[in-house]
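Here are some friendly notes to go with the structure below. They walk through the interface, the empty spaces and a few local details.

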Amino acid sequence: MAILLIAEHNNQSLKSETHKVVQAASAIGGDITVLVAGLNCAAAANEAATIIGVSKVLLADNAAYEHQLAENIAGLVAELGANFSHILAPATTTGKNFLPRVAAMLDVAQISDVIAIESSDTFVRPIYAGNAIATVKSTDAIKVLTVRPAAFRAAQTGNSATVETVAAVHDAGVSKYISAELTKSERPELTAARVVISGGRGMQNGENFALLNGIADKLGAAIGASRAAVDAGFVPNDMQVGQTGKIVAPDLYIAVGISGAIQHLAGMKDSKVIVAINKDAEAPIFQIADYGLVADLFTVLPELEQLL
Amino acid sequence: MKILVPVKRVIDYNVKVRVKADQTGVDLANVKMALNPFCEIAIEEAVRLKEAGKASEVVVISIGTTAVQEQLRTALALGADRAIHIETELSLDSLQVAKLLAKLVGEEQPDLVILGKQAIDSDNNQTGQMLAALTGMGQGTFASKVQINDGKVQVTREIDGGLQTVELTLPAVVSTDLRLNEPRYASLPNIMKAKKKPLEVKAADSFGVNLQSNVTVVKVAAPAVRQGGIKVESVAELVDKLKHEAKVI
């Protein structure tokens, strides 16, 4: 087995998802090569070399890869990947964007959002918004997988793998980066946070989300939201937890003013401990919450902040 | 400009699915089916581009049994001009779907293909990207805004951490995210008119595509059920439980 793993990074440093996919790759068994493709991303490549389990890091440093445009990255990964038995990337928006393109170029299927590795050819993934769990077996020569980071622990660091430079330049010439508008946040990333506190429609407006700040600060938590809160314009959509947003599995998930639609549960029901705060005792969220508090969030939140 | 919109018939998103007792799949007998929500958004965007004078024709496509014609009629009622049904009894994987669509792109020569970012049954999020790969087109996935200007399309994409705008040379593939638009409802007169719009049926076998996937489903199981929790009476009790019982804070 030879595994190619495409690192998630921002050209300066690796994102924690990469460490989690290395953990998944270790479960397959075999040599793990990590590809870091970007521009001026040597630091990220050096960081990848420190992850335990990684045997080699490939560094593709070129302007064509700066913004991770799928058309260019896929060309590179398809060329390199032809020599591997497995190609893995995190199931983030970046991985989901380029990896299916790679799979089609290699004429193999992709298995999306893998949550468990049964063997080198058998994988487990959720379907129907997590309401069913499928075990699938692939006989493709190259297994192409996106891995759900929330389902794996992060691999440790302390390794010193070799870093090799890859000269190949793939520029498909059909796409161009124009701009990016990133949400600034001092808090931990949603998908990596140990504690997540999310607000829903019950928050009533965007200003009220400030009630979550103090609690998040005390717990070192990330702040999430339900789709209802995002669609109502309370918060930006990259805070959305759910089937179509981010999938999280923190130690503690606190759902505030969230009813618990199946699409939301798909994004958080693997959290270790779930707390629901809702004034509607019949809200479906209470069926999966370990601790439920039936009360008005506007009285509960200040009290909670004080007691922490 | 011609726009192709591939759509999928899936279980209605409000239905709570049940896994079959023999673990071969999900029970779809007598379950309400509907257009995949992301596909509705794709149809809406194509129809809006037509209404804005940017597109001349909107062609919807669906692959599956005769039953998918129901969803194609819905798409026609929402404003699509004609429909193509690629008929097969097989349940296809994304790669096979993308290969069939790529053949159709060759025949129809659209300027833009708009599809949903994922189907809510298989949750794969692959078909658009694979179609783009097979046709060599650029891809604008998870689109929350689409703007067409002389031979190019600017797509604002929802990415982790915010938004990214890319520019693609036409023809291109765009996949829709939830916030791209608010799909309209089909009015009764439009539903009646849709019955007269052209719907062409083609056999999947006639495309010369190998429809067999190398991925097989070993089993489908129900997810682990969470243990029923308790209700606490006060915030103090909640904090106490989290500290001493669950030990998560």
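**Notes on cavities, interface and local geometry**

1. The lining of the second largest cavity is made up of four nonpolar, nine polar and five charged residues. For that split, Ala, Val, Leu, Ile, Met, Phe, Trp, Tyr, Cys and Pro are nonpolar, Asp, Glu, Lys and Arg are charged, and the others, Gly among them, are polar. A word on conventions: this is a predicted model, where local features need pLDDT of at least 70 and side-chain atom pairs count only at pLDDT 80 or more, while totals for chains, interfaces and linings use all residues. Residues are numbered from 1 along each chain as its sequence is written, chains are lettered from A and ligands numbered from 1 in the order in which they are written, and side-chain values use heavy atoms, leaving out hydrogens and water.

2. That second largest cavity holds about 160 Å³ of space. On a 1 Å grid over the protein atoms alone, a cavity is a set of points where a 1.4 Å probe fits but cannot get out, whereas a pocket is an open set with protein on both sides within 12 Å along at least five of seven lines; lining residues have an atom within 4 Å of a point. Points are joined across faces, edges and corners, and the volume is the space filled by probe spheres set on them.

3. Of the 18 residues lining the second largest cavity, Asp113(A), Arg148(A), Gln243(A), Gln118(B) and Asp123(B) lie nearest its centre. Strands E5 (110-114) and E7 (122-127) of chain A each supply at least two lining residues, and E5(A) has the largest share, with three. Helices (H or I, at least four residues) and strands (E, at least two) are DSSP runs, numbered from the N terminus.

4. How many cavities of 30 Å³ or more does the structure hold? There are six, and the largest has about 370 Å³ of space. Its lining counts 27 residues, with Thr93(A), Lys96(A), Gly245(A), Lys246(A) and Asp160(B) nearest the centre. Helix H4 (93-105) of chain A and strand E8 (152-159) of chain B are the elements that give two or more residues to this lining, which divides into six nonpolar, 10 polar and 11 charged residues.

5. Asp160(B) turns up again at the interface. Chains B and A bury about 6500 Å² between them, 54% of it on carbon and sulfur atoms; buried area is the accessible area (1.4 Å probe) that two parts lose on being put together, summed over both. Asp160(B), Arg226(B) and Val235(B) supply 11% of the area that chain B buries against chain A, more than any other three residues. The contact (heavy atoms within 4.5 Å) takes 75 residues from chain B and 83 from chain A.

6. The second largest pocket holds about 1400 Å³ of space. Its lining has 47 residues, and Arg227(A), Tyr13(B), Asn14(B), Pro37(B) and Leu178(B) lie nearest the centre. H1(B) gives the most to this lining, four residues. By class, the lining has 20 nonpolar, 16 polar and 11 charged residues.

7. Two lysines sit over rings, meaning NZ of Lys or CZ of Arg within 6 Å of the ring centre and within 35 degrees of the ring normal. Lys231(B) lies over the face of Phe286(A), 4.7 Å from the ring centre. The charged end of Lys117(B) is over the ring of Phe142(B), at 5.7 Å from its centre.

8. Two backbone details deserve a look. The peptide bond from Leu170(B) to Pro171(B) is cis, with omega near 0 degrees, and Pro171(B) lies in the loop between strands E9 (162-169) and E10 (172-176) of chain B. Asn40(A), a residue other than glycine, has a positive phi near 50 degrees.
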